[in-house]
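This briefing covers a sheet, the helix lying across it, a pair of packed helices and the overall dimensions. The model discussed is predicted.

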Amino acid sequence: MRSLSLRTAAVFAVLAALLGACGKTDTTTSTAGPVNTAGTVSTASSDAIISYNETEPENPLIPGNTTEVGGIGVLGALFKGLVEYDAKTAAPRNSVAASIQTNDAKVYTIKLKSGWTFHDGTPVTARSFVDSWNYTAYSPNEMQGANYFSHIEGFGQVNNATADGKQPATLPPAKEMSGLKVVDDRTFVVTLSAPFSTFATQLGYAAFFPLPASFFADRKAFEAHPVGNGPFQFVSYTKGKNILVQRYDNFAGEKPHIDGIDFRFYPNLDDAYADVLANKLDYLSFTPWSSTVNNKIKTDLPDTRRVAYKYLGYQAIAFPLYDKRFVDPNLRRAISMAIDRVDLIKKVFNGARTPADGLVAPNVQGHVDNQCGELCTYQPEKARQLFDATGFQGPIVLTSNVDSANQQWMEVTCASIQKALGRECTFVSVPTLGALRKKLNDHTMDAIYRSAWVADYPSIENFLNPLFKTGGSSNVGQYSNQAVDALLTRADEAPSEQEGEQLYQQAERLVLQDMPTIPIWFQSATAAWSSRLHNVVPTQFRELDLTSVTVS
């Protein structure tokens with residue numbers, strides 16, 4: 001097999017591990033599971049079930065319809081894909097896949113390992129993946145992750161959604177992508193519409209997880225009791241309280257040491273942090289602002305119960321571009337230059353963040369320093385001149401969910417904007433991430449909103465296509481620029497890694513000139529845990545490594 005041109009050095013380094021022939025490789029819902037009408041948190045008797053703070057999933061736990069961190073975190077316990085990512089390095093490696101082979105980065109032959117089963121005892125087969133992918137891609141099913149399959153031949157025949165994600169009255173001409181062919185129970189072939197060597201790296205993301213036959217027989221029953229193929233199986237869901245999962249003893253992969261996870265939904269991180277200190281909560285991936293004041297966390301917790309780490313993402317604010325008030329890019333540029341990122345980070349995080357100068361995290365191959373230029377620096381005089389020239393009317397309104405410690409920094413951001421522009425800026429809180437996401441997905445957002453990105457997989461491509469390509473799966477602000485689309489398409493199909501990276505970087509610079517999203521800082525966090533947890537490893541996707549953690 002000849003070498004493939006890859007988009008990132010990280011992908012290049014692990015492709016031999018993925019390609020078997022070359023070796024081995026951001027709506028609160030009551031339907032994600034059965035609701036305990038008594039309103040009490042489900043419990044289990046085992047001492048080896050750990051409690052874990054998470055935001056409540058926006059939607060029922062269907063892999064292809066889950067794109068926010070809370071749902072992705074739970075799905076990561078319930079499912080395994082063809083590929084998984086190393087907890088420390090984020091490098092991809094085979095999981096359910098025995099091999100992923102290609103000679104041209106366009107046609108991929110995927111063989112599955114034997115012995116994998118769903119939690120209902122049925123086998124995981126090639127059909128489990130192909131049917132899942134076709135269902136997610138078929139636009140009348142209105143799956144949020146549909147566009148992750150846009151590289152597969154025949155996607156346009158099954159998905160005729162408009163650029164804003166709406167399904168027209170006319171159904172697509174096909175229900176199955178021509179680029180997916182089942183060979184036998186453990187083999188299927190994927191043909192892409194053009195070469196795309198990041199494809200193998202994508203395959204650990206939730207949208208590519210398999211689904212059991214029971215899902216297609218009764219979707220509502222699946223939503224009430226999700227059935228995965230991962231290390232943990234679903235037990236119960238209490239709306240507004242928790243999701244409980246327990247270890248699946250017939251799991252074919254590396255088995256966890258813990259017996260289960262109690263995913264708990266706290267209204268604010270201060271309460272979660274207090275419970276960690278009191279050993280009432282086992283794991284908190286993101287400690288609140290209050291813990292950073294005067295380095296309070298260092299006296300609250302010993303080194304053995306906390307760790308600072310960086311992960312693949314950034315924090316930002318963004319614009320609903322379907323609202324005509326925000327269509328002028330000079331307005332967006334002015335607001336970006338009105339934010340004193342250095343002062344914000346000093347005030348809110350005691351300096352423990354890095355101001356963002358682009359849209360690609362620095363720990364991703366392909367990152368370029370200072371892609372944003374002066375637009376991501378504090379330029380109050382230029383900002384005010386630009387802003388005044390736009391004729392923007394009324395106060396500036398920022399909004400965010402407050403169940404993951406966002407109010408403090410959003411208020412400081414608002415104060416910086418008001419000071420620089422001389423226009424009133426107000427902050428409006430939304431109780432939960434699910435409620436914020438509902439407004440975004442319904443296209444009813446009427447304010448500048450908090451945005452953030454945690455990578456789905458370790459690639460520069462993942463920081464651009466889903467967010468800024470027209471119709472992208474996470475392009476909730478409905479940004480569209482034909483020149484950006486063209487650059488991203490050329491980058492996807494570039495004949496070499498270097499050419500692909502350069503094109504992605506050009507697209508990033510062009511997006512930043514438009515400023516549909518204003519990057520604020522690159523993501524880092526401090527995780528904290530109870531005294532009974534050991535071997536704690538936060539991943540680069542802001543999750544706990546569920547394989548290594550142990551309980552005393």
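An open sheet is formed by four strands in the order β4-β5-β7-β6, and the pairing is antiparallel. Helix α3 lies across β5, β6 and β7 of this predicted model. Elsewhere, the axes of helices α10 and α12 come within 8 Å.

**The four-stranded sheet**

- The edges of the sheet are held by β4 (97–102) and β6 (180–184).
- Each of these two edge strands has a single partner strand, so one side of each is left without a neighbour in the sheet.
- Ignoring direction, neighbouring strands of the sheet are turned by 20 degrees against each other on average.
- In a regular strand, side chains alternate between the two faces of the sheet.

**The β4–β5 pair**

- Strand β5 covers residues 107–112 and pairs with β4 in the antiparallel sense over five bridges.
- Ala-97 has Leu-112 in β5 as its bridge partner.
- Ile-100 is bridged to Ile-110, also in β5.
- Four residues lie between the strands in the hairpin of β4 and β5.
- In this hairpin, Ala-105 takes a positive phi near 60 degrees.

**Helix α3 on the sheet**

- Helix α3 is made up of residues 126–137 and lies across β5, β6 and β7, the last of these being residues 187–191.
- Relative to β6, helix α3 runs at about 165 degrees.

**Packing of α10 and α12**

- Two packed helices are described by the angle between their axes and the distance between the axes.
- For helix α10 (residues 329–337) and helix α12 (residues 380–390), the axes come within 8 Å and the crossing angle is roughly 150 degrees.
- Because angles over 145 degrees count as roughly antiparallel, α10 is roughly antiparallel to α12.
- The crossing of α10 and α12 is left-handed.
- On the α10 side, the contact involves Asn-330, Leu-331, Arg-333, Ala-334 and Met-337.
- These residues meet Pro-380, Lys-382, Ala-383, Leu-386, Phe-387 and Thr-390 in α12.
- By class, the contact of α10 with α12 contains seven nonpolar, two polar and two charged residues.

**Overall dimensions**

- The protein contains 17 helices and 19 strands.
- Its C-alpha trace spans about 65 × 55 × 45 Å along the principal axes.
- What radius of gyration does the protein have, and what would a compact globule with 552 residues have? The protein has 23 Å, which agrees with the value near 24 Å for such a globule.

Definitions and conventions
Residues numbered from 1 in each chain as written. Predicted model: local features only at pLDDT ≥ 70, side-chain atom pairs only at ≥ 80, totals over all residues. Heavy atoms only, no water. Axes fitted to C-alpha atoms, helices over the stretch in contact; angles between N-to-C directions. Parallel < 35°, antiparallel > 145°, perpendicular 65-115°, else oblique. Left-handed = near helix turned anticlockwise from the far one by under 90°. Contact = heavy atoms within 4.5 Å. Nonpolar A, V, L, I, M, F, W, Y, C, P; charged D, E, K, R; others polar. Pairing = 2+ DSSP bridges. Rg over C-alpha atoms; globule rule 2.2 N^0.38 Å.
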